[in-house]
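Here are a few exercises to work through at your own pace. Have the structure open beside you and try each task before reading its solution.

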Amino acid sequence: MSDPVQMQLDAYNARDLEAFISCYAADVVITEPDGTPMISGHPEMRIRYGAVFDRPGVLHASLVHRVRAGSWTVDEERLVSGDLQMEALVAYQVVDGIITRVVILT
């Protein structure tokens with residue numbers, strides 16, 4: 001069975017926009033912890049992540065730790081984008097083999 005959470009992480013690091021987006025449902029919603037939408041659907045993902053992937057310089061997300069419970073996968077990730085370095089907790093809800101909801105916890 002393929003793991004869309006790992007597949008999207010690998011596609012992110014490869015800057016492969018089409019492979020990245022294919023891991024998500026067409027109507028995916030990415031929110032802040034309070035539920036405020038940040039990105040809704042493939043068209044917004046294409047714009048936001050396309051710009052990220054097109055930036056020159058280092059772009060890499062490292063998996064520090066992964067926990068799964070039911071339909072949820074929570075990753076602790078270290079992100080490097082150019083000179084910016086940060087850590088994030090990201091919760092992915094996977095239904096029928098595709099990511100349907102994401103909550104960015106940091």
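The exercises below concern a predicted model, and each one comes with a worked solution.

**Exercise 1. A hairpin**

Task: Work out in which sense strands β3 and β4 pair, and over how many bridges.

Solution: Start with the boundaries: β3 covers residues 59-69 and β4 covers residues 72-81. Next, look at how they run; the two strands pair in the antiparallel sense, over 10 bridges. Then find the end of the ladder by the turn, where Ala69 stands opposite Trp72 in β4. Finally, examine the turn itself: two residues lie between the strands of this hairpin, and Gly70 there has a positive phi of about 60 degrees.

**Exercise 2. Aromatic rings**

Task: Decide how the rings of Phe20 and Tyr24 are arranged: stacked, edge-to-face or tilted.

Solution: Begin with the total, which is six aromatic pairs in the structure. For Phe20 and Tyr24, the ring centres are 5.3 Å apart and the planes stand at 55 degrees, so this pair is tilted. The reasoning rests on the cut-offs: stacked needs planes under 30 degrees apart and edge-to-face needs over 60. Now check the surroundings: Phe20 is buried at 1% relative accessible area, and Tyr24 is buried at 4%.

Move on to Tyr49 and Phe53, another tilted pair, with 6.3 Å from centre to centre and 55 degrees between the planes. Both residues lie in helix α3 (residues 41-54), four residues apart, about one turn of the helix. Tyr49 and Phe53 are both buried. To finish, put the pieces together: Tyr12, Phe20, Tyr24, Tyr49 and Phe53 form one aromatic cluster.

**Exercise 3. Salt bridges**

Task: Find which parts of the chain the salt bridge between Asp3 and Arg68 ties together.

Solution: First locate the bridge, in which the two side chains of Asp3 and Arg68 meet at 2.5 Å, N to O. Asp3 sits in the segment before α1 (4-14) and Arg68 in strand β3, so the pair ties together parts that are 65 residues apart in sequence. Compare their exposure next: Asp3 is buried at 19% relative accessible area, whereas Arg68 is partly exposed at 47%. Then widen the view, and you will find Asp3, Arg66, Arg68 and Asp75 linked in a network of salt bridges.

Try the approach once more on Arg46 and Glu18, whose side chains form a salt bridge at 2.5 Å, N to O. Arg46 belongs to helix α3 and Glu18 to helix α2 (residues 17-21), so this pair joins parts 28 residues apart in sequence.

Terms used
Residues numbered from 1 in each chain as written. Predicted model: local features only at pLDDT ≥ 70, side-chain atom pairs only at ≥ 80, totals over all residues. Heavy atoms only, no water. Pairing = 2+ DSSP bridges. Phe/Tyr/Trp six-rings, centres within 6.5 Å; stacked < 30°, edge-to-face > 60°. Buried < 20%, exposed > 50% of the residue type's maximum accessible area, 1.4 Å probe, protein only. Salt bridge = Lys/Arg side-chain N within 4 Å of Asp/Glu carboxyl O.
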